[in-house]
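Have your viewer open and your selection tool ready. This tour goes stop by stop, telling you what to select and what you will find there.

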Amino acid sequence: MSDMTWHDEGICQTTDPELFFPESGNPPVAAIKVCAGCPVRRRCLHHALTAPEEHGIWGGTTSNERRRMAKAAA
């Protein structure tokens with residue numbers, strides 16, 4: 001299991017978690033704005049790419065964006 005102590009420093013800790021898991025068809029604009037100002041955004045994205053996190057907004061990216069990143073890196 002990976003070290004996720006960085007998660008405690010995320011802005012998401014003081015934000016409604018449902019914001020980061022929008023219903024299908026709803027654009028995640030608000031969550032991505034929260035992530036844009038987060039001090040641990042890069043660590044969050046790294047976690048999402050290596051875990052991998054298949055759902056939700058992580059590091060300011062959608063699951064589709066992360067799939068494209070992983071495919072490009074392969």
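A salt bridge, for this tour, is a side-chain nitrogen of Lys or Arg within 4 Å of a carboxyl oxygen of Asp or Glu. Keep in mind as you go that this is a predicted model.

**Stop 1: the salt bridge**

Select arginine 43 and glutamate 9 and show their side chains. The two meet in a salt bridge, with 3.5 Å from N to O. Arginine 43 lies in helix α2 and glutamate 9 in the segment before α1, so the pair ties together parts that are 34 residues apart in sequence. Side chains of opposite charge can pair when their charged atoms come close. How many salt bridges does a search of the whole structure find? The search finds one, and you are looking at the pair of arginine 43 and glutamate 9. Colour by accessibility if you like: arginine 43 is partly exposed, with a relative accessible area of 40%.

**Stop 2: helix α2**

Stay with arginine 43's helix and select residues 41–50, which make up α2. Which residues of this helix are buried? They are Cys44, Leu45, His47 and Ala48. Now turn the view until you look down the axis of α2: the buried residues fall within an arc of 160°, so they line one face of the helix. On the face turned away from that buried side, pick out the exposed residues Arg42, His46 and Thr50. Next, add residues 63–73 to the selection; this is α3, which is part of what covers the buried residues of α2.

**Stop 3: helix α1**

Move to α1, residues 29–36. Its buried residues are Ala31, Val34 and Cys35. Viewed down the axis of α1, they fall within an arc of 100°, so they too line one face of their helix. Which exposed residues sit on the face of α1 turned away from its buried side? Select Lys33 and Ala36 to see them. Bring α2 back into view as well, since what covers the buried residues of α1 includes α2.

**Stop 4: the segment before α1**

Three residues in this segment are worth a click.

- Isoleucine 11 lies in the segment before α1 and is partly exposed, at 29% relative accessible area. Leaving aside neighbours within four places in sequence, isoleucine 11 is in contact with Val34, Gly37, Cys38 and Pro39. Try a distance from isoleucine 11 to cysteine 38: they are 27 residues apart in sequence, yet 5.6 Å apart from C-alpha to C-alpha.
- Glutamate 18 is also found in the segment before α1. Is glutamate 18 buried or exposed? At 61% relative accessibility, glutamate 18 counts as exposed. The C-alpha atoms of glutamate 18 and methionine 4 are separated by 20 Å, with their positions 14 residues apart along the chain.
- Proline 28 has its place in the segment before α1 too. Its relative accessible area is 18%, and the cut-off for buried is under 20%, so proline 28 is buried. Beyond its neighbours within four places in sequence, proline 28 is in contact with Pro22, Ile57 and Thr62. From proline 28 to glycine 56, 28 residues along the chain, the C-alpha atoms are separated by 9.0 Å.

**Stop 5: a cis peptide bond**

Select alanine 51 and proline 52. A cis peptide bond joins them, with omega at about -25°. Proline 52 is located in the loop between α2 and α3.

**Stop 6: the two pockets**

Switch on a surface for this stop. Rolling a probe the size of a water molecule over the atoms shows where empty space is left.

The largest pocket has a volume of about 260 Å³. To centre your view, select His7, Cys12, Phe20, Cys44 and Ile57, which lie nearest its centre among the 18 lining residues. By class, this lining has twelve nonpolar, five polar and one charged residues. The helices α1 and α2 each supply at least two residues of the lining.

The second largest pocket has a volume of about 180 Å³. Which of its 15 lining residues are the closest to its centre? Select Pro22, Gly56, Ile57, Thr62 and Ser63. This lining has five nonpolar, eight polar and two charged residues. Ile57 is worth leaving highlighted: it is among the residues nearest the centre of the largest pocket and among those closest to the centre of the second largest.

Definitions and conventions. Residues numbered from 1 in each chain as written. Predicted model: local features only at pLDDT ≥ 70, side-chain atom pairs only at ≥ 80, totals over all residues. Heavy atoms only, no water. Buried < 20%, exposed > 50% of the residue type's maximum accessible area, 1.4 Å probe, protein only. Helix = DSSP H or I, 4+ residues; strand = E, 2+ residues; numbered from the N terminus. Arc of directions from axis to C-beta. Contact = heavy atoms within 4.5 Å. 1 Å grid on protein atoms, 1.4 Å probe; cavity = no way out; pocket = protein on both sides within 12 Å on 5 of 7 lines; lining within 4 Å. Points joined across faces, edges and corners; volume = space filled by probe spheres on them. Nonpolar A, V, L, I, M, F, W, Y, C, P; charged D, E, K, R; others polar.
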